[in-house]
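Me: Got a minute to walk through this one with me? I'd like to start with a sheet and then look at some aromatic rings.

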Amino acid sequence: MNAEKIIKKIILPFLLVVMMSFSMTAAVRAASRIETVEAVVTSEASLPPIVKERMEESVAAIGKQLLLGHTLPVTEDWKKRQESTIHLVFDKILVGYTVKQVSIQSYGTEVSINVNLLPWTDTIQNIQVNANIEGMPEELKNLVMNDLTAVNEVFSAGLEGLPIAATDWTNGILKRRLNKFMEESLPEFRADFDIKMKVDSNISTAVVDLTVYPKLPVVRTISLSMLSDTMPNIALVTHRTFMEDKVNVLIGVPVAFIERHKEDIETMLATPLDEQTDFRVLKINSKVDLTAAEQMSVVVRSDSSRYRMRVSGWVDIGRDNRAKDDILFRMHVGRKISKLDETFFQVDVNPQEVKWNWALGYSRNIFKNTSSALRYDFTDKNLIADLEYSFLKNWLLRYEHKFDNDRKEAAIRYKLHDFLGIEYVIDQRESWLRFIGNF
């Protein structure tokens, strides 16, 4: 047998077996080391859940330093030495508890460290949380307190049953739990706390002074608008100062908090306005619409469910047939007899002719955006029919027919804002522009 055949049939297979043996040995050694360390802490008395969690993290950290990577199997002598070391180290950092026993259990590459504690005698029996809300108006503190309702559970879970001497040891984990609670329940605010002990009739109470203060951005300026479709806008001026005082309490409040409690705050602003004597007599209900921002806008729209009173005036420009009625003021006072029907009294004042016209009428909403009216002018002895149709957001079509002189007038109106509109008017003889003011 030549050398080449000897190498192929004997030496190469032998080398392959040796290499595989070394690989398997290395794999076995690698798999026979401690890879995972867990800790379980128990106590013969109460051990608050978040304190238990903190302790288990500390024991696991100590255990990983001592045990990770150690070759298995472990001997009983080695386990006792490690148990003694963990007992000594953990007992030195504990306050309020004494380490009673440490045992190490090995499950293959996983190790469990079981620590049993003895609490010191004096423990916390009651929790009292005193919340102080800084930088918030009294009107909104109830909303903040409602969001803080469950904050007691954060401190109860960390303090109730805890030895009094261990309270300082729990501050860090309580702070983390409190921050998590705030992010979930009251994210627009931060919170700090201070714990003091009070002993009364042998009952130990942990008094938690909780301070809550707002985060930026906050409301800095407020623009207030008061409007009505059924009352003269000028009548709302007398209540403007009252409402300014109400809305200004929102200055300094976090923008996100206002957005989250938008409906509650809108109701809070509307209710006292509707409780004013004249609002109650006239059956006026207010709806507040606010836009949460650093430069916030608040629109208050107050309308009566029973009456409709409007004061308006207009100026005509471009009329060829001047009839000395280019300027006119009108007062409308109506009483709703149903959701669709209204009876009304109307007075027109023409300052150019120093003339007064007064009329009685009836109007009805015949469709959603369409209304009709019939009124009798007692001054000119004229029966007048009106038809109005509103479309889009600020547009209105109207038609007026005076039966006595058979005069017909049609117009299209655009509302520039709640106080001013412009019309293009046309009748049988001419067309012109009309500027209409709502007072």
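**Sheet and rings**

Reply: Sure. Three strands form an open sheet with mixed pairing, in the order 4-6-5. Keep in mind that this is a predicted model.

Me: Which are the edge strands?

Reply: Strand 4 (126–133) and strand 5 (189–200), each of which pairs on one side only. From one strand to the next, the twist averages 20°.

Me: How many bridges join strand 4 to strand 6?

Reply: Eight, and strand 4 and strand 6 (residues 203–214) run parallel.

Me: What stands opposite Asn 130?

Reply: That's Asp 209, in strand 6.

Me: And which strands does helix 5 touch?

Reply: Helix 5 (residues 151–159) packs on the sheet and touches strand 4, strand 5 and strand 6. The direction of helix 5 makes about 140° with that of strand 4.

Me: OK, and where does helix 6 lie?

Reply: Helix 6, residues 171–185, lies across strand 5 and strand 6. Helix 6 runs at about 135° to strand 5.

Me: Switching to the rings. How many aromatic pairs does the structure hold?

Reply: Eight. One to look at is Phe 345 with Trp 358: the ring centres are 6.2 Å apart and the planes are at 40°.

Me: Why is that pair tilted?

Reply: Because the angle between the planes is 40°, and tilted covers what is neither under 30 degrees (stacked) nor over 60 (edge-to-face).

Me: Where in the chain do Phe 345 and Trp 358 sit?

Reply: Phe 345 is in strand 12 (residues 341–350) and Trp 358 is in strand 13 (residues 355–365), 13 residues apart, so the pair links distant parts of the chain.

Me: How do Tyr 376 and Phe 378 pair?

Reply: Edge-to-face, because their planes are at 85°, with the ring centres 5.0 Å apart.

Me: Are these rings buried or exposed?

Reply: In between. Phe 345 is partly exposed at 32% relative accessibility, and Trp 358 is partly exposed too, at 39%. Tyr 376 comes out at 31% and Phe 378 at 28%, and both count as partly exposed.

Me: Which residues form one aromatic cluster?

Reply: Phe 345, Trp 358, Tyr 376 and Phe 378.

Me: Last one. What sits over the ring of Trp 432?

Reply: The charged end of Arg 319, at 4.3 Å from the centre of that ring.

Methods
Residues are numbered from 1 along each chain as its sequence is written. This is a predicted model: local features need pLDDT of at least 70, side-chain atom pairs count only at pLDDT 80 or more; totals for chains, interfaces and linings use all residues. Side-chain values use heavy atoms; hydrogens and water are left out. Two strands pair if DSSP finds at least two bridges between them. Helices (H or I, at least four residues) and strands (E, at least two) are DSSP runs, numbered from the N terminus. Axes are lines fitted to C-alpha atoms, for helices over the stretch in contact, and angles run from 0 to 180 degrees between N-to-C directions. Contact means heavy atoms within 4.5 Å. Rings of Phe, Tyr and Trp (its six-membered ring) pair if their centres lie within 6.5 Å; planes under 30 degrees apart count as stacked, over 60 as edge-to-face and the rest as tilted. Buried means under 20% relative accessible area, exposed over 50%, partly exposed in between (1.4 Å probe, protein chains only). A charge sits over a ring if NZ of Lys or CZ of Arg is within 6 Å of the ring centre and within 35 degrees of the ring normal.
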